Amino acid sequence: MLKKKDGLLIGTILIVCLISYVLIQFVVKKDGNLVLIKVDGAIKYQLKIDEDKQLKVSGYNGGENIIVIKDGAVRMSDADCPDKLCVNMGSISRTGETIVCLPHRVVVEIAGNQSDIDSVVQ
């Protein structure tokens, strides 16, 4: 049986989780400007996210994925893999977000500007 203090603790944890989620989504993650398309771990394409384009990417074992860059977002519009999970992932536009097609070993990743300084080590 839950006591009043247990409910207060659960409520506090939920509020902290919600605040953390909002901070990560809207403050930490920034809009990316590069799209990296990797096949089997190797970068095949490096494109700007603000240039509308449609690509047919040949993946592992001859599989094909169609990637659409439009209106500052990227999505996988079609794939000939059996489960089509990559197609159902929707659009991505923020740094660090990825779309992965495991059967074809295709990864679409949003990256920031290559000239951005991530850290300085002395």
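Which residues does Ser-58 touch, not counting residues up to four places away in sequence? I looked this up at the start, keeping in mind that the model is predicted.

**Entry: Ser-58.** I placed Ser-58 in strand E3. With residues up to four places away left out, I listed its contacts as Val-39, Gly-63 and Glu-64. For Val-39 I also took the C-alpha to C-alpha distance to Ser-58, which is 8.0 Å, across 19 residues of sequence.

**Entry: salt bridges.** I searched the whole structure and found four salt bridges. One of them joins Lys-38 and Glu-109, with the closest N and O atoms 3.2 Å apart. This pair ties together parts that are 71 residues apart in sequence, because Lys-38 lies in strand E1 and Glu-109 in strand E7. Lys-38 is partly exposed at 22% relative accessible area, and Glu-109 is partly exposed at 22%.

I then looked at Glu-64 again, which is a contact of Ser-58. Glu-64 forms a salt bridge with Lys-56, the closest N and O atoms being 3.8 Å apart. Lys-56 is exposed, at 54%, whereas Glu-64 is partly exposed, at 33%.

I noted another salt bridge between Lys-84 and Asp-78, again by the closest N and O atoms, at 3.8 Å. Lys-84 has a relative accessible area of 31% and is partly exposed; Asp-78, at 37%, is partly exposed too.

**Entry: Asn-65.** I asked whether Asn-65, in strand E4, is buried or exposed. Asn-65 has a relative accessible area of 0%, so I entered it as buried. Its side chain makes a polar contact of 2.7 Å with the side chain of His-104. Beyond four places in sequence, its contacts include Lys-56, Asp-78, Met-76, Cys-86, Cys-101 and Val-106.

**Entry: the core.** I counted 20 residues in the largest nonpolar core. Those that touch the most other members are Val-35, Ile-37, Ile-67, Val-74, Met-76, Val-106 and Val-108. Strands E1, E3, E4, E5, E6 and E7 each give two or more residues to this core. I followed Val-35 further: outside four places in sequence, its contacts include Tyr-45, Leu-47, Ile-49, Ile-69, Val-74, Val-108 and Glu-109.

**Entry: the surface patch.** In soluble globular proteins, nonpolar side chains tend to be buried together. I also found a nonpolar surface patch of about 830 Å², made by Ile-15, Leu-18, Ile-19, Tyr-21, Val-22, Leu-23, Phe-26 and Val-27. I checked Ile-15, which sits in helix H1, residues 4-28. Its relative accessibility is 52%, and I recorded Ile-15 as exposed because the cut-off is over 50%.

Notes
Residues are numbered from 1 along each chain as its sequence is written. This is a predicted model: local features need pLDDT of at least 70, side-chain atom pairs count only at pLDDT 80 or more; totals for chains, interfaces and linings use all residues. Side-chain values use heavy atoms; hydrogens and water are left out. Patches are made of residues with over 30% relative accessible area and no salt bridge: like charges are joined within 9 Å, nonpolar side chains (Val, Leu, Ile, Met, Phe, Trp, Tyr) within 5 Å. Accessible areas come from the Shrake-Rupley method with a 1.4 Å probe; for residues, only the protein chains shown count as cover. A salt bridge is a side-chain nitrogen of Lys or Arg within 4 Å of a carboxyl oxygen of Asp or Glu. Helices (H or I, at least four residues) and strands (E, at least two) are DSSP runs, numbered from the N terminus. Buried means under 20% relative accessible area, exposed over 50%, partly exposed in between (1.4 Å probe, protein chains only). A nonpolar core is a set of buried Ala, Val, Leu, Ile, Met, Phe, Trp, Tyr and Cys residues joined through side-chain atoms within 4.5 Å. Contact means heavy atoms within 4.5 Å. A polar contact is a pair of N or O atoms within 3.5 Å; within protein, one must be able to donate a hydrogen and the other to accept it, and residues adjacent in sequence count only if both atoms are side-chain atoms.
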